[in-house]
Amino acid sequence: MYRQGRDGYTEVTDKPRITVDDPPDLVEVVANVVGFVACARAGGLQVRLQKVLPLPEWTEEEPSLDTVQQSVFGMLRSALSNPCFDILALRSVYSCTMCDSHCSKQPDPSLNTRQSSRMVTLSDWLPYWFIASSRQQETTSVRFVRSAVRFIGHAPPEDMALKSSPLGQGIIRRLSSSNREIRLAARDAVLSYSQNLSWDSDAVAHIKQANRTETMQILHKLMQELNGPSIVEEVFLLVAGGIGRVSQMDDNAMCEVLPYMVRYYCSSNVFLRAVAMEQLLVVSQVHQVSVARLLSCFSEHISCALAGTLIQGLLPAPFVQCMKMLETAPSDFLNRFQARIVPELFIGGNETALKAVASILDIRLPVLCVNQAASIFARMFLMDDQPMQQAMLRFVSLLSAESELDKEQVEVNIPSLLRSCSVKLIFNLVLALGEHDSILRKRARSAIATVQNILDGANTQGVAVIVQQNTSNMRNMASDESPRSGGPAKPHMAASSQRLAAFVSQHILGVLAYMNELLRDTPETAMLRNEHMRRKAVMAIGEMVTLLGAQAAAHANNVVASLTPVLSGPIADCALDVWVVLAENLQHARLSADQVNSLLVPLVAAF
């Protein structure tokens with residue numbers, strides 16, 4: 001409960017106005033209108049009670065929350081005794097200049113200025129969360145979850161991160177509710193974490209951008225938890241479509257939205273295919289492009305979803321339709337993106353689709369897998385120990401089985417395969433050093449050390465030995481952390497770290513060549529390589545420089561040459577952070593005047 005003072009509203013009690021013991025009718029009414037309390041707290045409430053029921057005129061320009069609550073709840077208790085009273089009519093009692101779509105104008109600037117000091121944290125609404133529980137009537141739960149949209153709309157920035165939001169997990173669970181109306185209400189609440197508003201600060205806009213990617217990850221997780229086809233998948237698709245509508249074309253989330261919808265468009269469920277196509281049409285209309293153009297912009301990202309539907313000797317109708325929209329032949333499409341498709345299908349265990357891809361491309365399956373061995377091994381090395389061992393054994397079995405069919409005795413030797421693709425493999429593992437997840441960065445560094453041990457050792461190492469080495473590297477890894485982790489820099493590196501630095505130094509030119517290709521920004525790659533991937537590549541260069549330590553001095557010019565093109569783009573901040581890391585690694589190096597100039601001139605030219 002809040003009371004209005006000279007400098008805003010102050011909390012006078014933490015007890016909710018309503019409890020689980022109150023009459024169900026009253027709980028239902030509160031569920032219907034409680035969201036407007038958040039609107040009043042933020043200063044955006046417009047009261048139009050006289051249109052429904054007569055109430056005393058407000059004597060203040062902006063009635064206090066206490067006054068609103070006492071008057072409204074008093075009116076409700078008396079109105080509930082009237083059998084002709086329509087609860088839904090209360091929706092027309094209030095409106096909010098910030099929440100309601102029919103109020104198209106932005107709120108008064110003075111309201112905007114005061115909003116941050118008058119927001120209600122989402123934790124303050126937790127005492128009311130019992131209204132959304134299964135013990136209440138379904139209509140009551142639906143109305144409360146709909147009110148949560150207003151809670152979120154007026155929440156402070158620190159509560160806007162979906163993963164840590166006080167209400168976030170409860171809303172996400174209701175996406176899988178057995179009641180469709182609750183699922184739809186939860187959809188609106190989840191999307192309110194992601195929809196940008198014209199008055200959002202840069203910090204809030206950045207949080208909402210992260211929420212969009214987080215939402216797609218949640219949908220993938222919820223989908224994996226289903227035991228089979230389920231009615232809840234319709235709402236999952238509607239959420240994905242909503243994320244597509246509120247995202248920009250260059251948003252990271254779009255790289256997840258399109259594959260998600262295409263996967264359903266290619267499913268055998270006619271209803272879900274129709275919903276997916278409808279959402280594709282809506283997203284394309286919002287972005288003012290055709291569906292064909294939308295798919296074309298993200299053709300690389302949807303390639304795995306399309307290839308995963310293939311069956312040997314048969315091209316599914318949705319796949320053929322997508323090929324027509326993309327105006328390309330199946331063989332050309334699969335050949336163009338085989339570097340992405342083959343590792344994904346192999347790691348996912350979709351051997352049926354993998355054989356179909358090999359058949360369409362007219363390439364023997366072992367040759368197809370060996371051609372993409374670098375990407376496949378990189379994915380395997382980033383797995384946990386048991387899945388990694390199973391994937392390696394499956395890889396060896398696949399190659400061996402094909403050679404037996406051809407009556408050829410070909411020994412599958414993993415160390416030899418790794419040597420044949422070492423530079424690209426090391427590049428893929430270095431790129432994984434740019435991940436935000438500290439566990440993945442640790443696994444990537446451990447994997448680089450494992451590859452070093454394999455390449456420096458004998459050719460007789462088996463799968464079990466390789467997995468054991470990787471486990472040992474994870475356990476005995478040096479405790480040196482990168483500057484991004486917040487740990488202090490170590491003045492001296494362990495002997496193992498020095499050997500690892502020397503190993504990376506041997507391959508750095510090849511790694512940077514692949515990095516430069518990834519960072520190269522052309523109209524053809526603008527959608528394929530989005531800002532997230534470029535940022536990840538730049539951060540990976542920073543991690544590689546940290547790993548090199550003092551040995552970075554010998555490659556400073558090459559690192560600077562890779563970073564210079566992105567100084568004028570949207571990831572300039574990330575490039576500057578890497579520049580600082582490079583400078584810190586060179587502080588004890590003896591640099592000539594030309595070397596110092598090569599470090600400073602690009603910065604002066606860019607800024």
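Select Lys536 to begin: in this predicted model, Lys536 counts as buried because its relative accessibility is 14%, under the 20% cut-off. Now add Glu435 to the selection, and you will see that the side chains of Glu435 and Lys536 meet in a salt bridge, with 2.7 Å from N to O. Glu435 lies in the loop between helix H22 (422-432) and helix H23 (438-456), while Lys536 belongs to helix H26 (residues 531-548), so the pair ties together parts that are 101 residues apart in sequence. Unlike its buried partner, Glu435 is partly exposed, with a relative accessible area of 22%.

Stay with charged pairs for the next two stops. The count of salt bridges in the structure comes to eleven, and one of them joins the side chains of Lys163 and Glu214 at 3.8 Å, N to O. To find its two ends, look for Lys163 in the loop between helix H5 (138-153) and helix H6 (168-173), and for Glu214 in helix H8 (residues 202-225); the pair links distant parts of the chain, 51 residues apart. Lys163 is exposed at 60% relative accessibility, whereas Glu214 is buried, with a relative accessible area of 17%.

Remaining on helix H8, select Arg212 together with Asp251, whose side chains meet in a salt bridge of 2.8 Å, N to O. Here too the pair links distant parts of the chain, 39 residues apart, since Asp251 sits in the loop between helix H9 (233-246) and helix H10 (254-265) and Arg212 in helix H8. Both Arg212 and Asp251 are buried.Turn next to the interior. Which residues touch the most other members of the largest nonpolar core? They are Ile171, Phe377 and Phe381, in a core of 169 residues, and the largest share of this core, ten residues, comes from helix H25 (residues 495-519). Select Ile171 and display its surroundings: leaving aside residues up to four places away in sequence, Ile171 touches Trp129, Ala148, Ile152, Ala186, Ala189, Val190 and Tyr193. A second, separate core holds nine residues, among them Phe36, Cys96, Met98 and Trp199.

The cysteines make a further stop. The structure holds zero disulfides, and Cys266 shows this in detail, for the nearest cysteine sulfur, that of Cys322, is 4.8 Å away. Cys266 counts as buried, at 11% relative accessibility, and Cys304, which you can select next, is also buried, at 14%.

From the interior, move out to two loops with backbone angles to look at. Glu327 is in the loop between helix H14 (317-326) and helix H15 (330-336), and its phi is near 55°, a positive value in a residue other than glycine. With a relative accessible area of 75%, Glu327 is exposed. Asp362, in the loop between helix H17 (351-361) and helix H18 (365-371), likewise has a positive phi, near 60°, and is not a glycine. Asp362 counts as exposed, at 70% relative accessibility.

For the last stop, select Leu591, Val596, Leu600 and Val604, which form a nonpolar patch on the surface, with about 320 Å² of accessible area together. Within this patch, Val596 can be found in helix H29 (residues 593-606), and at 33% relative accessibility Val596 counts as partly exposed.

How values were computed. Residues numbered from 1 in each chain as written. Predicted model: local features only at pLDDT ≥ 70, side-chain atom pairs only at ≥ 80, totals over all residues. Heavy atoms only, no water. Patch = residues over 30% accessible without salt bridge, like charges linked within 9 Å, V, L, I, M, F, W, Y side chains within 5 Å. Areas by Shrake-Rupley, 256 points an atom, 1.4 Å probe, with all protein chains shown as cover. Salt bridge = Lys/Arg side-chain N within 4 Å of Asp/Glu carboxyl O. Helix = DSSP H or I, 4+ residues; strand = E, 2+ residues; numbered from the N terminus. Buried < 20%, exposed > 50% of the residue type's maximum accessible area, 1.4 Å probe, protein only. Core = buried A, V, L, I, M, F, W, Y, C linked by side-chain atoms within 4.5 Å. Contact = heavy atoms within 4.5 Å. Disulfide = S-S within 2.5 Å.
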